[in-house]
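The report below reads through one protein chain, beginning with a single strand pair and moving outward to the fold, selected residues and enclosed spaces.

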Amino acid sequence: MSDYLPIEIQVEILKKLPVKSLIQCRSVSKAWKSLIDSSDFIAHYSGQQQHLLVSYHDDFDRKYVSVVDDDAFPRHKVPLTVPVPVDMLKHSRIIGSSHGLLCLYSGYGETAVVWNISIRRAVAVNVPNVGDYYRYGAVLGFGVCGETNDPKIVKITPMDSTSSIPWQIDVFTLSIGAWRRPYSTNLPRKSLNFDCSLLGVVVDGDFCWLATDRITMDGERWSVNLIISFDLTSEEFTEINLPDALAHLERLHLSMSKLRESLVLIQGYLCNEDVFHVWMMEDDVPKLFTKMFTICIPGVVVLGVLEFRKSGEPIIEILDSSCDPYEDDSSLVVYEPCSKHITHLGISGMCSFFLSCYMGSCLGISGMCSFSSYSYKETLLLLDHPDLTTYDI
């Protein structure tokens with residue numbers, strides 16, 4: 001092909017190939033390897049195939065499976081072998097998913113790992129001064145800057161009452177391989193409280209966390225839910241207010257996800273009749289959330305809403321109401337909102353009731369789930385970084 005086609009056409013053809021084929025093409029010629037490995041090609045390549053990463057416990061071992069999200073879903077499932085840095089993390093959790101990359105972190109260590117599943121490459125990042133992640137309330141987020149394709153990790157650390165600033169903000173940028181202060185000097189208000197046990201999401205170039213504001217009304221203290229977003233380009237913080245129906249819920253009754261590039265809030269709790277309501281933010285307008293549908297399946301305990309397929313159908317974890325949560329496995333299914341039909345993914349994991357006792361974990365709206373699920377597209381990001389690199393503080 002390289003002898004007869006102009007280089008511009010070759011580039012366009014290569015951009016349409018899946019990652020697996022591109023990796024093989026790197027062995028065809030030095031010219032193709034140089035092209036595919038170039039920062040420009042990596043930045044402009046975006047795989048068309050979407051996958052669903054499923055993480056779960058089986059006999060106390062953490063397992064990872066990638067499911068192709070296509071017309072044959074969930075037929076094409078591939079067990080994943082995790083890279084060494086991921087395998088070494090103790091009780092790790094995914095803190096962010098963006099542009100085909102996932103970032104995992106352990107609350108019991110000081111290392112985050114950025115993982116490209118498609119090219120089987122990972123880099124480790126030492127996180128400064130985190131201490132005990134859960135005890136001291138440091139909050140981490142991860143996303144890829146849409147303008148530069150540069151992966152970033154942001155760390156928010158609450159300061160004590162003697163400090164002149166409410167928070168210390170640190171940003172790690174992979175291109176320079178170091179931590180620094182953010183470009184912007186605006187900080188979240190001191191009265192805000194972040195929950196490090198809840199997963200944030202990247203939507204339209206912003207990393208978003210659920211937070212609670214402590215306010216005084218009529219002499220009484222109230223908690224109000226809101227969303228704090230961090231622009232991955234300008235590195236500025238913004239507050240997004242929620243409608244009253246969501247702003248005054250107990251924190252345990254609320255979690256966050258995304259559907260395509262729209263922010264989604266999930267209202268529900270296992271002890272509240274196993275009913276979950278799915279709300280979506282409209283046109284990036286604060287307080288304008290529309291209830292899309294309600295999930296309620298007779299005879300089934302819905303443990304949580306984990307993710308959404310590219311078609312918009314939610315991925316949920318369930319347990320048959322006749323099962324013993326201490327002995328029986330929970331299952332992952334796809335829920336069809338119109339027909340209320342469920343399709344099993346063929347993956348079962350240790351039920352989170354027993355798992356929480358074994359792991360010593362806390363249970364919230366997402367903590368009830370023994371599964372984790374994340375949608376991702378194929379990407380070449382990290383191809384120009386040596387595999388298994390560790391970035392020190």
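Ser 97 stands opposite Leu 102 of strand S5, and in that strand the bridge partner of Arg 93 is Tyr 105. These pairs belong to strand S4 (residues 92-98) and S5 (residues 101-106), which run antiparallel to one another over six bridges; two strands are said to pair if DSSP finds at least two bridges between them. The model is a predicted one, in which local features need pLDDT of at least 70 and side-chain atom pairs count only at pLDDT 80 or more, while totals for chains, interfaces and linings use all residues. Residues are numbered from 1 along each chain as its sequence is written, and side-chain values use heavy atoms, with hydrogens and water left out.

**The strand pair and its sheet**

Two residues lie between the strands in the hairpin of S4 and S5, where His 99 adopts a positive phi near 50 degrees. S4 is mostly covered, seven of its seven residues being buried, where buried means under 20% relative accessible area, exposed means over 50% and partly exposed lies in between, with a 1.4 Å probe and protein chains only. The pair forms part of an open sheet of five strands with mixed pairing, in the order S4-S5-S6-S7-S26. Its edge strands are S4 and strand S26 (390-391), each of which pairs on one side only. Strands of a sheet pair through backbone hydrogen bonds, either parallel or antiparallel.

**The chain as a whole**

The protein chain holds eight helices and 26 strands; these are DSSP runs numbered from the N terminus, helices being H or I with at least four residues and strands E with at least two. Of its 393 residues, 53% are buried. Where contact means heavy atoms within 4.5 Å, 49% of the contacts between residues at least 6 apart in sequence join residues at least 24 apart.

**Helices around Trp 32**

In helix H3 (residues 30-37), the buried residues are Trp 32, Leu 35, Ile 36 and Asp 37, and the buried residues of H3 pack against H1, helix H2 (19-25) and helix H4 (39-44). Gln 10, found in helix H1 (residues 7-15), provides a side-chain link to H3's Trp 32: the two side chains make a polar contact at 3.0 Å. A polar contact is a pair of N or O atoms within 3.5 Å; within protein, one must be able to donate a hydrogen and the other to accept it, and residues adjacent in sequence count only if both atoms are side-chain atoms. The C-alpha atoms of Gln 10 and Trp 32 are separated by 9.3 Å, with their positions 22 residues apart along the chain.

**Three residues compared by accessibility**

Is each of these residues buried or partly exposed? The table gives the class beside the relative accessibility.

| Residue | Element | Relative accessibility | Class |
|---|---|---|---|
| Gln 10 | helix H1 | 4% | buried |
| Arg 180 | strand S11 | 17% | buried |
| Lys 310 | loop between S21 and S22 | 40% | partly exposed |

Arg 180 makes a side-chain polar contact with the side chain of Tyr 183 at 3.3 Å. Not counting residues up to four places away in sequence, Arg 180 also touches Lys 152, Ile 169, Asp 170, Val 171, Thr 173 and Glu 235. With the same exclusion, Lys 310 touches Gln 50, Asp 69, Asp 70 and Arg 260. Lys 310 and Leu 259 are 51 residues apart in sequence, yet their C-alpha atoms are 7.6 Å apart in space.

**Cavities and pockets**

Rolling a probe the size of a water molecule over the atoms shows where empty space is left. On a 1 Å grid over the protein atoms alone, a cavity is a set of points where a 1.4 Å probe fits but cannot get out, and a pocket is an open set with protein on both sides within 12 Å along at least five of seven lines, lining residues having an atom within 4 Å of a point. Grid points are joined across faces, edges and corners, and a volume is the space filled by probe spheres set on the points.

By this rule there are two cavities of 30 Å³ or more, and the second largest has a volume of about 40 Å³. Its lining includes Val 139, Phe 194, Asp 195, Trp 209 and Met 256, and divides into seven nonpolar, one polar and one charged residue. Here Ala, Val, Leu, Ile, Met, Phe, Trp, Tyr, Cys and Pro count as nonpolar, Asp, Glu, Lys and Arg as charged, and the others, Gly among them, as polar.

The second largest pocket holds about 590 Å³ of space. Of its 20 lining residues, Val 78, Leu 80, Ile 117, Ser 118 and Arg 120 lie nearest its centre, and the lining comprises 13 nonpolar, four polar and three charged residues. H2 gives the largest share of that lining, three residues.
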